[in-house]
Amino acid sequence: MAFMKITSPHAHSPGNTGNVMQQVMLACIPGLIALSYFFGPGTLINVVMACATAVACEAGVLKLRNRPIAFYLKDYSALVTGVLLGLALPPYCPWWVVVVGTASAIILAKQLYGGMGYNPFNPAMVGYVILLISFPVEMTQWAAPRPLLEEGQALIGPLSALQQIWFGLPVTDSMGIERGFDSYTGATPLDVFKQNNSQLLEQLYSSAPIFSEGRWAGAGYEWANVGFLIGGLYLLYKRIFTWHAPVSMLASIFVLSAIFYDAGSSNSGGSPLLHLFSGATMLGAFFIATDPVSSAVSTRGRLIYGAGIGALVYIIRVWGNYPDAVAFAVLLMNFAAPFIDHYTLPRTYGHNKSRRATEKQEG
């Protein structure tokens with residue numbers, strides 16, 4: 001008599017961590033292209049420097065820990081941290097800003113906790129917040145988008161961009177005209193909106209060039225967010241992560257901004273389109289909030305986690321001291337993730353109800 005061996009169900013996937021990280025970096029390309037088109041080569045230079053610094057710091061710490069360097073580097077997690085931080089930093093910020101932020105992300109937020117899989121906080125956002133608190137001037141010098149440049153003024157060329165980043169030399173645009181770097185900087189849409197205290201939104205949108213030259217949420221920035229939205233949808237299509245955290249984050253921002261829109265008065269919190277397509281909203285939703293290590297793990301937990309990030313982003317933007325708040329919101333919810341997991345553990349296979357993390361299963 002033949003017996004069939006019955007085993008537990010298993011999920012098989014051809015992917016591994018390295019493949020997932022490669023897909024994430026690939027999905028960043030549409031957003032990077034949009035940023036490069038509207039703001040010049042500064043963001044691309046940031047990404048390259050951040051990636052080089054991340055790999056060097058990761059290799060250095062692994063050497064000190066007597067760990068196999070090549071084995072850990074091939075998971076590409078250090079490169080992903082470099083890419084995300086480079087995308088989040090202002091274009092043309094000094095080179096040392098990129099190096100300090102990336103080194104902080106890899107050494108302090110990742111390796112000191114034991115490396116990938118052990119970090120309780122998102123490394124890229126830790127690096128960003130350290131820079132924002134330590135170097136507020138350099139972190140608020142955002143480049144003006146292409147539509148806001150003066151007549152006859154062109155975007156900064158690659159060579160001049162490197163000279164500005166490395167040596168702080170005067171900027172020579174692609175037409176060969178030397179200009180001060182201040183002529184290339186400008187307020188972001190969220191900065192302009194936060195400084196408004198008297199104009200109706202209709203008046204603000206028509207008088208502020210960053211809005212009048214754009215379509216929904218500020219010239220240049222809205223298309224960068226569209227690029228990251230495209231990349232995020234690609235990751236969802238490839239099933240790199242589930243939809244719960246990003247959708248709940250965006251839904252939370254949409255609901256709160258719709259409630260406090262106030263029909264566009266001078267006290268309005270801003271339209272849903274402004275909050276969804278300005279700042280780092282889409283980058284945060286699809287590339288930061290979906291970090292599997294520092295976020296909640298269950299389906300319900302990810303819904304709560306994403307909604308919490310969205311609520312904090314809106315609250316800090318409208319009533320806080322910072323015009324954008326994705327980094328702070330993510331880190332605050334990283335704090336809350338273990339608590340969320342404690343109360344949202346899924347039902348164990350073979351049991352009728354879910355349990356808390358501290359409860360023991362009956363044998």
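Okay, so start at the loop between α4, residues 69-73, and α5, residues 77-88: that's where you'll find Tyr76. Keep in mind as we go that this is a predicted model. What's the phi of Tyr76? It's positive, about 65 degrees, and Tyr76 is not a glycine. That deserves a second look, because most residues other than glycine have a negative phi. And is Tyr76 buried or exposed? Somewhere in between: it's partly exposed, with a relative accessible area of 28%.

Now hop along to the loop between α12, residues 221-237, and α13. Arg239 sits in that loop, and here again we have a residue other than glycine with a positive phi, this one near 60 degrees. Arg239 counts as exposed, at 74% relative accessibility.

That loop leads us to α13, so let's talk about helix packing. Helix α13 covers residues 244-259, and its axis comes within 8 Å of the axis of α15, residues 281-288. The two cross at roughly 155 degrees. Anything over 145 counts as roughly antiparallel, so that's how α13 runs relative to α15. The crossing itself is right-handed.

Which residues make the contact? From α13 you've got Pro246, Met249, Leu250 and Ile253. On the α15 side, look for Thr281, Met282, Gly284, Ala285 and Phe286. And what's the character of that contact? Mostly it's greasy stuff, if you'll pardon the word: 7 nonpolar residues, 2 polar, and no charged ones.

Key. Residues are numbered from 1 along each chain as its sequence is written. This is a predicted model: local features need pLDDT of at least 70, side-chain atom pairs count only at pLDDT 80 or more; totals for chains, interfaces and linings use all residues. Side-chain values use heavy atoms; hydrogens and water are left out. Axes are lines fitted to C-alpha atoms, for helices over the stretch in contact, and angles run from 0 to 180 degrees between N-to-C directions. Helices (H or I, at least four residues) and strands (E, at least two) are DSSP runs, numbered from the N terminus. Angles under 35 degrees count as roughly parallel, over 145 as roughly antiparallel, 65 to 115 as roughly perpendicular and the rest as oblique. A crossing is left-handed if the near helix is turned anticlockwise from the far one by less than a right angle, and right-handed if clockwise. Contact means heavy atoms within 4.5 Å. Ala, Val, Leu, Ile, Met, Phe, Trp, Tyr, Cys and Pro count as nonpolar, Asp, Glu, Lys and Arg as charged, and the others, Gly among them, as polar. Buried means under 20% relative accessible area, exposed over 50%, partly exposed in between (1.4 Å probe, protein chains only).
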